[in-house]
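User: I would like to learn how to read helix packing and pockets in a model. Can we take one feature at a time?
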Amino acid sequence: MGQFFAQVERDLKLVVRQMAWLNATPKPDDRTKRAQIGAEVAQVSRLARFKADKIKPQMPPNPLPHIVDRLVEIGLNEQAGMGVAPLSWSTIDAWTRLTGIDLMPWEVRLIRSLSVAYLSEGSRAESENCPPPWRGTWTARNLEVEQSRLEELLG
């Protein structure tokens, strides 16, 4: 049973990491000329860019969608003194008491772990060169958009 839960946790972490990557707003590398001259870069998340390009973002398989739904309902993270932090145990406890939803101890630990993974990936994904944690199959639309971006860059 331990291997089953370990695999489910890995699968769910991949889902929330992909969510974080999509919701991140990429910034240019500090070593690039764009960053050095302060060039204005569109401050838009990858998810918003995909929607503008009419590309449906793909997600990895989610073995327990209700756990991710609960994480999103509680909040993916929370405000802390100097920025954002993973969900605290007291926040998760308050949510369970206020909603009347009893979570098993392993679910509480998993939700906290997923919040940590989301926050970590969100920070990493702020680099415009950060690859996605998971890649689905490319559609014709993906290829078309990437080709037009490449032509625009080289053109």
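Analyst: Start with a pair of helices and the side chains between them. This is a predicted model. Here His66, Ile67, Arg70, Leu71 and Ile74 in H4 meet Glu107, Leu110, Ile111, Leu114 and Ser115 in H6. By class, the residues of this contact of H4 with H6 comprise six nonpolar, two polar and two charged.

User: At what angle do H4 and H6 pack, and how far apart are their axes?

Analyst: The angle is about 65 degrees, and the axes of H4 (residues 65-74) and H6 (residues 105-124) lie 10 Å apart. The handedness is read separately: H4 crosses H6 in a right-handed sense.

User: How do the axes of H1 and H4 cross?

Analyst: The axes of H1 and H4 come within 10 Å, crossing at roughly 45 degrees. Because of that angle, H1 is oblique to H4. The crossing of H1 and H4 is right-handed.

User: Which residues make the contact of H1 with H4?

Analyst: From H1 come Leu12, Val15, Val16 and Met19, and from H4 come Ile67, Val68, Leu71 and Val72. Sorted by class, this contact has eight nonpolar residues, no polar ones and no charged ones. Ile67 and Leu71 of H4 take part here, and Ile67 and Leu71 also belong to the H4 contact with H6.

User: How should I place these helices in the whole chain?

Analyst: List the elements in order, then look at the overall extent. The chain has seven helices and two strands. Starting at the N terminus, the order is α-α-α-α-β-β-α-α-α. The C-alpha atoms fill a box of roughly 60 × 40 × 25 Å along the principal axes.

User: Now the pockets. What is the volume of the largest pocket?

Analyst: Its volume is about 1100 Å³. The lining of the largest pocket has 32 residues, and the closest to the centre are Arg49, Phe50, Glu128, Glu146 and Arg149.

User: Which helix gives the most to the lining of the largest pocket?

Analyst: H7 does, with six residues. H1 (2-23), H3 (46-52) and H7 (140-154) each supply at least two residues of that lining.

User: What classes of residue make up the lining of the largest pocket?

Analyst: Count by class, as for a helix contact. The lining of the largest pocket has 16 nonpolar, seven polar and nine charged residues. Arg49, Glu128, Glu146 and Arg149 are among the residues closest to the centre of the pocket, together with Phe50.

Technical notes
Residues are numbered from 1 along each chain as its sequence is written. This is a predicted model: local features need pLDDT of at least 70, side-chain atom pairs count only at pLDDT 80 or more; totals for chains, interfaces and linings use all residues. Side-chain values use heavy atoms; hydrogens and water are left out. On a 1 Å grid over the protein atoms alone, a cavity is a set of points where a 1.4 Å probe fits but cannot get out, and a pocket is an open set with protein on both sides within 12 Å along at least five of seven lines; lining residues have an atom within 4 Å of a point. Grid points are joined across faces, edges and corners, and a volume is the space filled by probe spheres set on the points. Helices (H or I, at least four residues) and strands (E, at least two) are DSSP runs, numbered from the N terminus. Ala, Val, Leu, Ile, Met, Phe, Trp, Tyr, Cys and Pro count as nonpolar, Asp, Glu, Lys and Arg as charged, and the others, Gly among them, as polar. Axes are lines fitted to C-alpha atoms, for helices over the stretch in contact, and angles run from 0 to 180 degrees between N-to-C directions. Angles under 35 degrees count as roughly parallel, over 145 as roughly antiparallel, 65 to 115 as roughly perpendicular and the rest as oblique. A crossing is left-handed if the near helix is turned anticlockwise from the far one by less than a right angle, and right-handed if clockwise. Contact means heavy atoms within 4.5 Å.
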